[in-house]
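Thank you for making time this morning. I would like to walk you through one structure, going slowly and explaining the terms as they come up.

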Amino acid sequence: MSFINFKCKKCGSCCHNLLEEVANVERGLFLRVEEAKLFPRNLVSPRMALGDSKPKRIIAYQLNVDECPFITEKNECKVYPKRPMGCRMFPFEIHHNGHATVSVKCSVIGSQMGDKESREIEFSSTEKEAIEEYMRFLNSLQKFARPSQKVWEFNLKTKSWFTA
Ligand code: SF4
Ligand code: SF4
């Protein structure tokens, strides 16, 4: 097994290409409730909600545009110290079903993956801390868990909620 040594090149590409479509579901930059307040309201849509027969309690939001309003012409982040967990975690992604993926949208990952389906990846402490933070977020959902309660996701493409 070979390693990818991930070191961000600060190319800014991820901040210019935030929307992602997989299996007809379009998602934007993941935002926790408090992080959504950093962004203009019209650029933010719901991302995840809990509810029995319909989504009731919104537990996460997402940016609904491809380019972040905080990226400068020099590819610097205007809110770097406060940037959302999803930015600090990128290119590592964990989904609420427990699946973990790494984004080949990142040029560093894309160039090192080649035709391999998987490789071990060495991350910096920043990404590890953000991943741990996200795991804590997922664990915190347990307190709302009821047998009838489902996790709903919002599809930016169809502007509608769905549940697995
Ligand atoms: S908040 Fe900063 S790091 Fe995150 S997408 Fe926007 S510019 Fe990029
Ligand atoms: S695409 Fe990858 S290398 Fe470029 S800024 Fe984003 S994380 Fe860094």
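Let me begin with a question: how many bridges join strand β10 to β11? There are four of them, and they link β10, which covers residues 150-155, to β11 in an antiparallel arrangement. One place to look is phenylalanine 154, which stands opposite tryptophan 161 in β11.

Before going further, I should say that this is a predicted model, in which local features need pLDDT of at least 70 and side-chain atom pairs count only at pLDDT 80 or more, whereas totals for chains, interfaces and linings use all residues. Residues are numbered from 1 along each chain as its sequence is written, while chains are lettered from A and ligands numbered from 1 in the order in which they are written.

The protein chain has five helices and 11 strands, where helices (H or I, at least four residues) and strands (E, at least two) are DSSP runs, numbered from the N terminus. Two strands are said to pair if DSSP finds at least two bridges between them.

With that in mind, five strands form an open antiparallel sheet, and their order is β4-β6-β5-β10-β11. Its edge strands are β4 and β11, the latter at residues 160-163, and each of these pairs on one side only. From one strand to the next the twist averages 30 degrees, with axes taken as lines fitted to C-alpha atoms and angles running from 0 to 180 degrees between N-to-C directions.

Moving along the sheet, strand β4, residues 30-32, is joined by three bridges to the antiparallel strand β6, residues 57-63, and here phenylalanine 30 stands opposite glutamine 62. On β5, which spans residues 44-51, six bridges lead to β6, again antiparallel, with valine 44 opposite leucine 63. β5 and β6 form a hairpin, and five residues lie between them.

Now to the ligands, where I call a residue near a molecule if its C-beta atom, placed from the backbone, lies within 6 Å of it. Around ligand 1 we find, among others, Cys15, Cys68, Cys77, Cys87 and Arg83. That shell divides into nine nonpolar residues, no polar ones and one charged, if we count Ala, Val, Leu, Ile, Met, Phe, Trp, Tyr, Cys and Pro as nonpolar, Asp, Glu, Lys and Arg as charged, and the others, Gly among them, as polar. The shell around ligand 2 has seven nonpolar, three polar and two charged residues, and α1 (13-16) and α4 (107-113) each supply at least two of its residues.

Two members of that second shell, Lys10 and Pro91, bring me to the backbone. Most residues other than glycine have a negative phi, and most peptide bonds are trans. Lysine 10, in the loop between β1 (3-5) and α1, nevertheless has a positive phi of about 55 degrees. Is lysine 10 buried or exposed? It counts as exposed because it has 10 C-beta neighbours inside 10 Å; the cut-offs are 20 or more other C-beta atoms within 10 Å for buried, 12 or fewer for exposed, and partly exposed in between, with C-beta atoms placed from the backbone. Lysine 159, in the loop between β10 and β11, has a positive phi of about 55 degrees as well.

As for proline 91, in the loop between α3 (85-89) and β7 (92-94), the peptide bond leading to it from phenylalanine 90 is cis, with omega near 15 degrees.

Finally, for the chain overall, buried residues make up 21% of the 164 residues.
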